[in-house]
Amino acid sequence: MTATPFPNYIAGTWAVGRDAAPNINPSDLGDTIGYYAQASANQTAEAIECAAAAFPKWRATSPLVRFEALDRIGSEILARVDELGDMLAREEGKTLSEAKAEARRAGHLFKYFAAEAYRATGDAYQSLREGVSLKVVREPIGVVGVITPWNFPLAIPAWKIAPALAYGNTVVFKPAELVPGSAWMLSDIIARAGLPEGVFNLVMGKGREVGEAIVTHPKVSGVTFTGSTPVGRNMGAALFARGAKMQLEMGGKNPLIVLDDADLDLAVHCALQGSFFSTGQRCTASSRLIVTDGIHDAFVDRLCVAMKGLRVGDARAAETQIGPVASEAQLAIDKRYVSQAVDEGATLAAGGSEVGSKTPGHYFAPALFTDVSPQAAVARDEIFGPIAAVLRVPDYDAALATANDCEFGLSAGIVTRDAAKIDHFSQNAEAGMIQVNLPTAGMDFHAPFTGRKGSSYGAPEKGSYCREFFTAAKVVHEGRGQ
């Protein structure tokens, strides 16, 4: 008999769904974590209507009320880091240390945006007309749809939900189907923070039903989405058609340039961490390693040695450095790209095959390719797995041109001692975030998270910059009489 499913949360009440879906541990396919309710389109519409009804009261609350609610959420997350991290590692496959770090980040994000609730959200101007005062105020936009991916199931919901609530919006939250457990635990914490009913709602289920219901509903004023570029573009078209706001964080095919003068140990560390940790399942992962001739062979040799020492295994085992791929579907994608890269003439220098384990799981040895054409699929497509391609170039100018020859522009890194090249790269790399002598994956939550080209659309996420999405400007002119 199926266990009682974990319910959705609508209008302050836990609600069963139309049916339920199992949550399977990718480290042990025999471990069913639980069954999670699947919302229908009608339930999603009900959640949106409740959020719309709750909006006028919530937007009128004082900053103190919003601060206290968000601060309580952050405090409970931090008090339960071990529990939350264990769930995240168990259902997504991220190592336990990485999962706990993500849980801790989620707690700090709520506390950061609790403080943001106090900040003034307007500006005063001197009018060009005599006897007229002029000010700009910021107002919450209304119901915000939050649609999140599976790779960061605590941090990404936190950096979307927290600012939405801090600025006075109400929320309908749809997590990724693959990782409902982390989302449910986070929602349970939010549900006990004292928010009025309808201010926060959780609707779990399929994107083509629940996600579409959120995107197309006329009372959803804006959608903040993180996911693939094709899905984001389709979503953006639907939102634009009805005049809703959108904040879209999408794909990445991030370059890490390694120049001849680089510290070799540092370069290998940046590539290893940025390309393969979190099983390469990060939109900021450095999947293109662009290496100049003078250091290429030594870099590849050293990186291959380091990769062979990586311990792939159960995400919750203390010795594991690389957990399993998150799903059977993603494992199939990774294997297909390995096969295609070989067919296209690339050399498989390390890894690239399934790994045996005590328990059945989606274990895969990180793959490194050399002799890769810049036009090869492994060098151009976002694979979202632990697969990196080395692109050999003669010099810095060729490296920069290769880095920019991409439809994406999220994160870009360089490893060098040359200050002039660091400055030039920082100004000319076509990416929203630049990493110098650091892995491409790793961002501060109080600074904006943003990309260029096919990676992002709309206002940045995180930090005070996200205010541009979660609020709307209103200009107020007032005559002072004669």
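Reader: In this predicted model, in what order do the strands of the open sheet that contains β5, β6 and β22 stand, and how are they paired?

Author: The order is β5-β6-β22, so listed for an open sheet of 3 strands, and the pairing in this sheet is antiparallel. The strands at the edges are β5, residues 122–126, and β22, residues 471–479; each has a single partner strand, so one side of each is left without a neighbour in the sheet. From one strand to the next the twist averages 20°.

Reader: How many bridges join β6 to β22, and which residue of β22 is the bridge partner of Val-137?

Author: Strand β6, which covers residues 132–140, is joined to β22 by 9 bridges, and the two run antiparallel. The partner of Val-137 in β22 is Lys-474.

Reader: Which strands stand at the edges of the sheet of 7 strands?

Author: The edges are held by β14 (347–350) and β19 (433–436), and because each has a single partner strand, one side of each is left without a neighbour in the sheet. The full order of this open sheet is β14-β15-β16-β13-β12-β18-β19, with mixed pairing. Neighbouring strands here are turned against each other by 25° on average, direction ignored. One parallel pair is that of β15, residues 367–370, and β16, residues 387–393, which are joined by 3 bridges; there Ala-367 of β15 has Ile-387 of β16 as its bridge partner.

Reader: Which strands does helix α11 lie across, and which strands does helix α13 touch?

Author: Helix α11, made of residues 328–343, lies across β14, β15 and β16, and runs at about 20° to β15. Helix α13, residues 396–404, packs on the sheet and touches β12 (255–258), β13 (288–292), β16 and β18 (411–415), while its direction makes about 165° with that of β13.

Reader: How should I read the faces of a strand, and are the residues of β7 buried or exposed?

Author: The general idea is that in a regular strand the side chains alternate between the two faces of the sheet. In strand β7, residues 143–147, 5 of the 5 residues are buried, so this strand is largely enclosed by the rest of the structure. Val-143, Gly-145 and Ile-147 belong to one side, Val-144 and Val-146 to the other, and both faces are covered. Strand β7 runs parallel to β8, residues 170–174, to which 5 bridges join it, and the bridge partner of Val-144 in β8 is Val-171.

Reader: At what angle do the axes of helices α4 and α5 cross, and which residues make the contact?

Author: The axes of α4 (residues 96–116) and α5 (residues 155–166) come within 9 Å and cross at roughly 10°. An angle under 35 degrees counts as roughly parallel, which means that α4 is roughly parallel to α5. On the side of α4 the contact is made by Glu-102, Arg-105, Ala-106, Leu-109, Phe-110 and Phe-113, and on the side of α5 by Ala-155, Ala-158, Trp-159, Ile-161, Ala-162, Pro-163 and Ala-166. These residues divide into 11 nonpolar, no polar and 2 charged.

Reader: Which residues touch the most other members of the largest nonpolar core?

Author: They are Phe-110, Ile-161 and Phe-200, in a core of 57 residues. Helix α5 gives the largest share of this core, 9 residues. Leaving aside neighbours within four places in sequence, Phe-200 is in contact with Tyr-9, Ile-161, Val-171, Phe-173, Ser-187, Ile-190 and Leu-195. Apart from this core lies another, of 31 residues, and among them are Ile-257, Leu-259, Ala-346 and Ala-399.

Reader: How should I read the sign of phi, and where are Asn-437 and Lys-462 placed?

Author: The general idea is that most residues other than glycine have a negative phi. Asn-437, although not a glycine, has a positive phi of about 55°, and its place is in the loop between β19 and β20 (452–453). Lys-462 also has a positive phi, near 65°, and lies in the loop between β21 (456–457) and α15 (467–470). With a relative accessible area of 24%, Asn-437 is partly exposed, whereas Lys-462 is buried, at 1%.

Methods:
Residues numbered from 1 in each chain as written. Predicted model: local features only at pLDDT ≥ 70, side-chain atom pairs only at ≥ 80, totals over all residues. Heavy atoms only, no water. Axes fitted to C-alpha atoms, helices over the stretch in contact; angles between N-to-C directions. Helix = DSSP H or I, 4+ residues; strand = E, 2+ residues; numbered from the N terminus. Parallel < 35°, antiparallel > 145°, perpendicular 65-115°, else oblique. Contact = heavy atoms within 4.5 Å. Nonpolar A, V, L, I, M, F, W, Y, C, P; charged D, E, K, R; others polar. Pairing = 2+ DSSP bridges. Core = buried A, V, L, I, M, F, W, Y, C linked by side-chain atoms within 4.5 Å. Buried < 20%, exposed > 50% of the residue type's maximum accessible area, 1.4 Å probe, protein only.
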